[in-house]
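Visitor: I would like a close look at a single part of this model, followed by whatever helps to place it in the whole. Please keep to what can be computed from the atoms.

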2 protein chains.
Amino acid sequence: MSRLDAVIVGGGIIGLTVGWKAAAAGLRVVVCDPAPGRGASWAAAGMLAPVTEATAEESELTRVGLASLTRWPRFAADLAADAGVDVELRQDGTLQVAFDGDDRRALDELLAVHRRLGLDSQWRASRQCRELEPLLSPRIRGGLFAPGDWQIDPRVVVTALIRAFANRGGRLCRSSARRLHFDARNSVGGVELAGGQVLAAGAVVIAAGAHSAVLGGLPPEATPPVRPIKGEILRLRADPEDLPFTRTIRGTARGRSVYLVARSSGEVVVGATMQEAGFDTTVRSGAVHDLLHAAIDLVPAIEELPIEETLAALRPGTPDNAPVLGPSSTPGLLFATGHHRNGVLLAPFTADAMLEVLTTGALPAEAASLGAGRFR
Amino acid sequence: MSRLDAVIVGGGIIGLTVGWKAAAAGLRVVVCDPAPGRGASWAAAGMLAPVTEATAEESELTRVGLASLTRWPRFAADLAADAGVDVELRQDGTLQVAFDGDDRRALDELLAVHRRLGLDSQWRASRQCRELEPLLSPRIRGGLFAPGDWQIDPRVVVTALIRAFANRGGRLCRSSARRLHFDARNSVGGVELAGGQVLAAGAVVIAAGAHSAVLGGLPPEATPPVRPIKGEILRLRADPEDLPFTRTIRGTARGRSVYLVARSSGEVVVGATMQEAGFDTTVRSGAVHDLLHAAIDLVPAIEELPIEETLAALRPGTPDNAPVLGPSSTPGLLFATGHHRNGVLLAPFTADAMLEVLTTGALPAEAASLGAGRFR
């Protein structure tokens with residue numbers, strides 16, 4: 001097999017999206033992953049929520065999130081066309097509510113951030129929240145409605161991406177990349193697989209999520225500053241004809257953060273914890289308890305739903321919570337990692353940026369702030 | 001196949017125990033169950049706890065429970081011998097604790113019941129409870145120690161019973177009994193299986209737990225007054241070398257009842273809800289939440305354990321919470337059902353009583369209070 005244009009290490013939503021867009025642009029690409037789509041992408045709730053995720057300190061991340069969100073409708077349509085499967089983008093908005101007085105004060109601060117950043121969110125009194133979602137607890141102290149925060153099922157997306165990537169001529173290698181392969185000029189020239197085989201490529205894209213810093217052969221100065229941030233998440237099962245809510249509901253209840261995402265399939269996602277625990281992916285009883293406690297506080301009818309799945313996965317965290325995209329300090333080695341809580345939202349933006357890097361060698365202006373250089 | 005001495009409908013701990021003891025006594029017995037041991041016996045925590053289960057209103061049930069408990073050591077040894085497997089009876093006692101002031105008042109009432117009934121339980125101050133079990137919450141307001149309330153793993157027991165029954169010449173028929181079969185004199189003369197085959201027998205023993213009242217052909221006047229009482233229960237996983245407690249811990253925490261049973265395998269059982277919900281066996285999110293909430297209140301280290309299994313099963317409830325044993329008003333039809341929360345505890349007593357019924361036609365004096373006639 002002759003030299004590839006790129007080998008992408010990691011077949012989560014980021015690796016597969018970059019691979020699909022690169023293959024569609026005519027590049028010869030392999031994505032390596034022993035279990036594509038089964039890491040953080042499989043656990044993710046799929047909120048596309050730059051507004052309700054916004055913080056005062058991360059306005060650049062909010063800008064990038066909004067830029068990616070506007071691409072999602074076209075992205076979902078293209079993906080559906082290339083994959084030959086339906087990809088339902090739900091655009092019915094997100095309601096962020098407060099359970100008690102302390103939660104209400106935190107929500108007022110979030111509203112102030114939204115005003116300062118010019119984001120589209122609207123205050124709703126408790127009664128108005130319950131007009132939107134009648135099964136919200138009567139105890140809630142009001143909420144914000146963010147009409148532009150959407151959601152999509154990430155499991156549908158990764159399944160579609162695997163097909164779309166193949167349909168566009170990409171090759172999926174269901175094997176682990178063990179270490180970087182260097183060529184005679186000490187540039188990265190491919191990867192060595194777990195079985196010893198070398199995939200030679202003009203570029204290697206690290207899209208391995210929380211495992212991005214542990215690939216063999218990464219030079220210390222070109223190791224992305226990514227660490228695992230554990231998240232535990234539940235999937236409950238409702239009757240699709242009788243969902244307890246339809247819009248995404250987020251909130252804090254007695255200080256505990258939670259989000260609730262309903263799918264037309266009847267799946268109800270309850271997430272998620274945040275914990276620094278190395279590479280541990282145990283689902284702790286305490287996490288299940290805390291998530292259910294907050295979810296039942298906000299929507300008491302949740303009590304009646306069976307738990308279909310409990311899962312823990314690892315978000316790729318970075319020092320500033322924003323992704324690391326583009327060239328590293330080592331020739332031939334590129335990053336598309338560190339998406340933390342926002343991998344699903346940022347997939348279209350990331351793919352556009354990485355296609356530019358693969359074809360021109362540099363990040364486009366809109367993504368220049370996300371380069372690895374900012375950590376040096 | 002010639003006529004059997006008895007066919008037993010239901011292969012839970014009661015049906016299998018009666019079958020094993022009858023086969024060991026030389027009777028020709030078949031137990032019918034499409035999934036032996038997989039009903040309430042599989043869900044049960046296996047507490048052998050006549051003292052901490054005692055109530056003022058059910059002193060007869062307490063007497064029977066104590067009578068059965070004294071048989072357990074010999075029963076477990078005989079079972080282990082006949083099955084050729086170890087059956088670990090844990091005799092390290094049960095600690096019943098109170099979390100807050102209201103829970104403490106309820107515990108004081110339980111202690112008064114114990115005094116009135118002459119049961120062996122001893123008051124322990126909070127500090128003394130924590131000397132016994134150091135990971136109990138420092139917030140608990142004291143407890144009762146019942147040295148005679150033991151525990152056993154019911155899954156080990158039913159697995160051993162299946163072997164012991166076969167080793168003693170009993171036959172297990174993995175099929176459902178569809179309806180009673182009546183002989184020419186309108187006596188019950190066997191059962192018809194789901195496939196249409198008839199098993200002819202001198203006696204039919206209904207040991208079908210919560211399903212005991214729904215067998216086809218049961219005459220209305222000889223239908224046992226048994227209804228399903230749903231229980232949801234969790235199994236967590238601990239390191240066997242690092243269990244958060246060893247004695248069984250029961251208690252109420254902010255009004256929620258819970259029990260915690262630890263096995264040497266590392267299994268930690270957290271049970272159980274009580275709900276009248278027909279034959280529904282959904283595990284509700286609210287049940288998982290409530291059990292974990294109370295468990296974590298009592299033993300905060302529970303938070304760190306993963307949940308291995310959630311399960312719901314149906315207890316066979318009766319109007320007075322005591323089992324229904326012995327002859328019905330229909331010749332040839334016998335009951336060994338209605339054991340509600342106490343099937344594991346009462347198995348030895350039940351087997352002794354039913355063997356007497358099968359050989360003499362009448363309940364022994366010690367079990368006379370448990371006959372079906374008390375409901376007429």
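Which residues of helix α3 (residues 59-69) of chain A are buried?

Guide: The model is predicted. In helix α3 of chain A, the buried residues are L61(A), T62(A), V64(A), G65(A), A67(A), S68(A) and L69(A). Several other elements of chain A take part in covering these residues. Among the helices that do so are α4 (72-83), α5 (101-117) and α9 (343-360). The cover also includes two strands, β3 (47-48) and β8 (150-152).

Strand β3 leads on to another buried site. M47(A), a residue within the range of β3 (47-48), is in contact with R250(A). R250(A) itself lies in strand β14 (residues 248-253) of chain A. With a relative accessible area of 6%, R250(A) counts as buried, because the cut-off for that term is under 20%. The side chain of R250(A) makes a polar contact of 2.8 Å with the side chain of T52(A). Beyond its neighbours within four places in sequence, R250(A) is in contact with residues from several stretches of chain A, including A49(A), E53(A), T94(A), L95(A), Q96(A) and V97(A). Further along the chain, its contacts include V258(A), Y259(A), L298(A) and R341(A).

L298(A) brings in the interface, as helix α8 spans residues 285-298 of chain A. Between the two chains, 17 residues of chain A are in contact with 17 residues of chain B. S285(A), H289(A) and E303(A) supply 35% of the area that chain A buries against chain B, more than any other three residues. Helix α8 gives the most to this side of chain A, with seven residues. By class, the side of chain A that touches chain B has nine nonpolar, five polar and three charged residues. The two chains bury about 1400 Å² between them, and 59% of that area is on carbon and sulfur atoms. Eight residue pairs are in polar contact across the interface, both residues being at pLDDT 80 or more, while the count of salt bridges is zero.

The arrangement of the chains completes the picture. A turn of 180 degrees with a shift of 0.0 Å along the axis lays chain A on chain B with an RMSD of 0.0 Å. This is the relation of a two-fold axis. In chain A, the C-alpha nearest that axis belongs to H289(A), at 2.6 Å. Of the interface residues of chain A, 100% are also interface residues in chain B, so the copies meet through the same surface.

Conventions: Residues are numbered from 1 along each chain as its sequence is written. Chains are lettered from A and ligands numbered from 1 in the order in which they are written. This is a predicted model: local features need pLDDT of at least 70, side-chain atom pairs count only at pLDDT 80 or more; totals for chains, interfaces and linings use all residues. Side-chain values use heavy atoms; hydrogens and water are left out. Contact means heavy atoms within 4.5 Å. Buried area is the accessible area (1.4 Å probe) that two parts lose on being put together, summed over both. A salt bridge is a side-chain nitrogen of Lys or Arg within 4 Å of a carboxyl oxygen of Asp or Glu. A polar contact is a pair of N or O atoms within 3.5 Å; within protein, one must be able to donate a hydrogen and the other to accept it, and residues adjacent in sequence count only if both atoms are side-chain atoms. Helices (H or I, at least four residues) and strands (E, at least two) are DSSP runs, numbered from the N terminus. Ala, Val, Leu, Ile, Met, Phe, Trp, Tyr, Cys and Pro count as nonpolar, Asp, Glu, Lys and Arg as charged, and the others, Gly among them, as polar. Buried means under 20% relative accessible area, exposed over 50%, partly exposed in between (1.4 Å probe, protein chains only). Copies are superposed by least squares on the C-alpha atoms of residues with pLDDT of at least 70 in both.
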